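Q: Please take a close look at one helix of this model and at the parts of the chain that surround it. A connected account would be preferred.

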Amino acid sequence: MTATADQAAGAEEAARFHTLLKAFEGQPAATAGRGKDPVNQPMIRHWCEAMGDADPAYSGPDAIAPPTMLQAWTMGGLSGHGDRSTAYDELLALLDGAGCTSVVATDCEQEYLRPLRPGDTITFDAVIESVSPRKTTKLGTGHFVTTRTDVRADGELAGTHRFRILKYAPAAGGAKKPAARRPRPVVNRDNQGFWDGVAEHKLLIQRCAACTALRFPWLPGCNACASLEWDTVEASGAGTVFSYVVMHHPPFPAFTAHEHAAAAAGPYAVALVELAEGVRMVSNITGVPYDKVRIGLPVHLEFLRVDEDLELPVFRGSEG
């Protein structure tokens, strides 16, 4: 069989398989789901503390939930939900059987129709909205699966949440693989100044020119007064651990090929660090074993070079 004939046969097989996948479009992914908790002020408070969002709309007797919490009220936690449909499980099993055993979340989009308020009872339904034809990406070849969740508050539609994953077969390794590199941070016009500061070993915090509120991470406008004018202040580098998690992962060369290799090869601590200036940021904790990290641990800023063109701000703690 010629190469052209092989390609034609492969395309025909891919088309047949996609027809099987498209049969799942419109079928339920979850039915009559119910949030494990009503909308409540403690969850709103924890969310706002973690995000550093002090908008007064999210506290007080007339509080609403931050719109971006929409998905949070539908999540099942470690115990999961019992409302996922057999159709969704069958779709994933079909993709697994075709060799698409890996999965990565690619994007989500939300639409807000009305505010959620403490006391609202959350219910939801989800549908398999679309399954793409076969796509080849740097990760491998597979199919994008999009689900749409309709979120209701006391029976009234409050918002929709679309979530897209790529189910794929990992790309085969070539004869010679390039050196493993850490994932690159997303740099855009809103945070370019932050990364310019990192390149100069400065940790820059945005300061609103109108109300002088400090904010981190960088945003195009002030979340206290909505002003678009701002300048920066340089952080002193002092901070304390406000909260933390311990990450466990298989060894990966990109996370071990630097001066902290011994620590990075095993579990490591990622912390929400409260800077002396009052804002918080997420970063790695170095200098102490992961099991010695504690809330309130004093830390100070340092810059970690992980490859020839990437440095990251991290925080070093001291057991003493």
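A: A suitable place to begin is the end of helix H4: the helix is followed by His201, whose phi is positive, near 60 degrees. Helices (H or I, at least four residues) and strands (E, at least two) are DSSP runs, numbered from the N terminus. The model is predicted, so that local features need pLDDT of at least 70 and side-chain atom pairs count only at pLDDT 80 or more, while totals for chains, interfaces and linings use all residues. Residues are numbered from 1 along each chain as its sequence is written, and side-chain values use heavy atoms, with hydrogens and water left out.

Helix H4 comprises residues 192–199, and Phe194, Trp195, Gly197 and Val198 are buried in it. Buried here means under 20% relative accessible area, exposed over 50%, and partly exposed in between (1.4 Å probe, protein chains only). Seen down the axis of H4, these buried residues fall within an arc of 150 degrees, so they line one face of the helix; the arc is that of the directions from the helix axis to the C-beta atoms. The cover over the buried residues of H4 includes S7, strand S13 (298–307) and strand S14 (310–317).

Strand S7, one of these covering elements, leads to a sheet. This sheet is open, has three strands in the order S8-S7-S9, and its pairing is antiparallel. Its edge strands are S8 (214–215) and S9 (230–234), each of which pairs on one side only. Two strands pair if DSSP finds at least two bridges between them. S7 (residues 204–208) and S8 run antiparallel and are joined by two bridges; Gln206 has Arg215 in S8 as its bridge partner.

Arg215 also takes part in the surroundings of Val279, which touches Ile205, Leu214, Arg215, Phe216, Val273 and Glu274, not counting residues up to four places away in sequence. Contact means heavy atoms within 4.5 Å. Val279 lies in the loop between strand S11 (268–275) and strand S12 (280–286), and is buried, with a relative accessible area of 9%. Its C-alpha atom is separated by 8.7 Å from that of Pro217, 62 residues apart along the chain.

For the wider setting, the protein has five helices and 14 strands. Of its 320 residues, 37% count as buried. Among contacts with a separation of 6 or more, residues 24 or more positions apart account for 66%.
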